[in-house]
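Trainee: I would like to learn how to read pockets and nonpolar cores in a structure. Could we go through one together?

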Amino acid sequence: MEDVITLSSALTDAIEVEGTPSGVQGLDNLFFKTKIQNGKITVIPLNGIPKFSVVNITGANDTGKSIIAEQFTIKQASLGNNTVFVTVETPAKFLVSSLKERAYAMSINPHSIENNIFIVDAENNDSLRENVANLLDTLANVIKKYKIRNVVIDSVTGLYEAKEISARTIVRKIYNFLKKFYQTAILVSQKRSAHDEFSVEGAGGYAVPHIVDCNIAIAKKIIESFYDEKLYGKPIGEMVRLFRIDGCRMCGHDTSTRILEITNTGLVVIGKTLSELRSALKREKNEEADKNESNTRIRYTGKGR
Amino acid sequence: MKVIQESDIQERDVDFLALRVFLKVIEILGGPAKIIEYRNLTWLPSLMVSSYAVVLHEEMGYGYEEIAKFLGTTKNTIKAMLSASVELVKEKLMEALEEGEGDKVEENKLKTHVAGALAKLAYKEIKEGREELGLLSHFVSHLSDVYQIYWPPIVLKKIKGLDFPVTKEKIYEKLKELTIEGFKFDEIYRDFPDTIHSPSSLLKLIAEKIKQKK
Ligand SMILES: Nc1ncnc2c1ncn2[C@@H]1O[C@H](COP(=O)(O)OP(=O)(O)OP(=O)(O)O)[C@@H](O)[C@H]1O
Ligand SMILES: [Mg+2]
């Protein structure tokens with residue numbers, strides 16, 4: 001029976017997942033694949049986001065989504081992988097200067113990547129923004145003409161905003177398109193509601209997360225208690241950003257919640273997990289307690305003299 | 001960084017495509033004269049709506065509600081149009097047209113799902129390259145003046161009435177007397193595929209053969 005394949009042949013025939021660098025420090029080692037070698041399961045990091053996957057980055061405003069999208073674009077371009085950036089919210093000329101600044105921050109000369117980045121300005125073109133068929137026809141044309149490997153859309157929310165009903169249809173069309181053209185893609189989607197901060201279900205209802213391959217959620221957290229102050233090392237009232245990979249059907253991935261930092265040069269860095277912070281805090285407390293205890297002892301002995 | 005320019009931006013012309021579908025529907029119904037003869041001119045508005053609905057749905061991915069809003073009709077109408085079975089209507093249509101002759105026709109109202117099925121059928125025909133022949137001929141003869149290539153309109157005129165897809169023998173029957181750019185049709189058609197899907201693919205085949213021969 002030819003239709004039935006054995007598990008072992010399925011395992012050998014399955015396309016090996018490969019990673020491709022995201023340009024975001026601390027992110028690439030969070031994706032991995034498992035392999036059975038000599039009867040033991042070994043975990044092999046992808047050193048990047050899974051190639052040919054469609055990754056959705058979701059979060060409220062100012063969480064760093066666009067910065068990640070830009071870092072990915074620059075990194076990929078620097079590797080010679082032509083990347084098209086569909087800008088839906090920011091006019092092309094602002095995006096260009098932002099990409100240049102970001103490139104300098106990443107120690108990449110913007111001139112060296114000039115010919116590898118292509119910008120589709122949907123902000124400035126109603127027919128592209130309001131009509132996904134036109135956008136995809138244009139992308140198909142650009143992909144073929146310029147040998148594009150990656151597509152970034154910032155943001156898909158802007159493509160279905162006025163017509164919530166068809167958010168699902170629109171995202172599905174985009175997804176199928178990206179698959180057909182073997183693109184690695186970053187889709188940014190905005191979360192508008194303040195409720196349930198840390199979930200991938202954004203403004204478009206359940207449209208995006210269930211369709212794409214990988215979801216990354218970013219949330220803002222306001223420091224509200226002394227405990228938070230200690231844990232995050234920031235004063236009450238300030239904001240920290242939290243990051244989590246919220247599912248990826250292409251490969252294994254880290255599932256912890258981590259700190260996302262934006263450096264003073266404007267780059268996103270993925271940092272420690274919250275449990276790492278907690279145990280560091282505990283250790284600190286224990287040390288302090290130890291110190292206090294010995295202090296008391298010293299004092300006590302002193303008094304006894 | 002290259003900002004993609006106007007020339008690389010593709011825009012689908014929904015309006016024009018809807019018009020092409022509409023014309024194809026009329027062709028399927030037997031042409032304008034036939035429609036007048038059957039006193040079925042009242043069908044035209046709902047055929048226009050269904051043609052547009054199919055295009056919005058297929059090309060733009062619009063949902064029922066969006067289409068209804070766009071075309072100023074109800075969601076249920078659109079739903080009936082777009083979920084109509086083409087096969088069912090293909091059989092019934094002939095009946096409807098045949099029994100339509102004579103006086104009865106006056107009340108011969110077009111059912112919504114029939115309009116939808118016709119538009120769906122026409123859309124499919126166009127997507128497969130079987131454009132309404134009148135429209136195609138019009139463009140071809142216009143372009144043949146521009147490019148000073150005169151055989152395509154002649155070919156189209158001669159194959160009028162053929163029902164595509166068609167066997168190459170049938171094509172040969174119609175075109176055997178032709179000489180195209182100095183080559184007899186006999187020499188041109190020999191390695192054509194057995195079935196030819198549309199008038200435009202026929203024109204393409206001929207053009208390619210001539211190019212080879214030259
Ligand atoms: N050079 C920089 N130095 C420090 N912080 C910066 C720099 N550039 C940007 N930021 C910070 O990054 C944040 C913006 O991130 P980004 O534009 O990626 O947000 P976003 O998630 O895309 O938001 P939106 O949904 O509004 O588009 C700002 O809050 C800003 O404080
Ligand atoms: Mg943004």
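Mentor: We shall take the pocket and then the cores, keeping in mind that this is a predicted model.

Trainee: What is the volume of the largest pocket, and which residues are closest to its centre?

Mentor: A pocket is read from its volume and from the residues that line it. Here the volume is about 620 Å³, and of the 21 lining residues the closest to the centre are B:K24, B:E27, B:E125, B:L162 and B:D163. Helix 1 (14-28), helix 6 (86-99), helix 7 (112-127) and helix 8 (133-147) of chain B each give two or more residues to this lining, which by class holds eight nonpolar, two polar and eleven charged residues.

Trainee: Where does the largest pocket lie with respect to domain 1 and domain 2 of chain B?

Mentor: It lies between them, because domain 1 (6-127) and domain 2 (149-213) both give residues to its lining. The C-alpha centres of these two domains of chain B are 31 Å apart.

Trainee: How many residues does the largest nonpolar core have, and which element gives the most to this core?

Mentor: A nonpolar core joins buried residues through their side-chain atoms. The largest has 41 residues, and among those with the most contacts inside it are A:L27, A:I216 and A:F243. Helix 2 of chain A gives the most, with six residues, while the strands that give two or more include strand 10 (214-222) and strand 11 (239-248) of chain A. Taking one residue, A:I216 touches A:L27 and A:F243, and its other contacts include A:V55 and A:I245. A second, separate core of 38 residues includes A:V88, A:I170, A:F181 and A:L187.

How values were computed. Residues numbered from 1 in each chain as written. Chains lettered and ligands numbered in written order. Predicted model: local features only at pLDDT ≥ 70, side-chain atom pairs only at ≥ 80, totals over all residues. Heavy atoms only, no water. 1 Å grid on protein atoms, 1.4 Å probe; cavity = no way out; pocket = protein on both sides within 12 Å on 5 of 7 lines; lining within 4 Å. Helix = DSSP H or I, 4+ residues; strand = E, 2+ residues; numbered from the N terminus. Nonpolar A, V, L, I, M, F, W, Y, C, P; charged D, E, K, R; others polar. Domains from an automatic or database assignment. Core = buried A, V, L, I, M, F, W, Y, C linked by side-chain atoms within 4.5 Å. Buried < 20%, exposed > 50% of the residue type's maximum accessible area, 1.4 Å probe, protein only. Contact = heavy atoms within 4.5 Å. Lists of a residue's contacts leave out its neighbours within four places in sequence.
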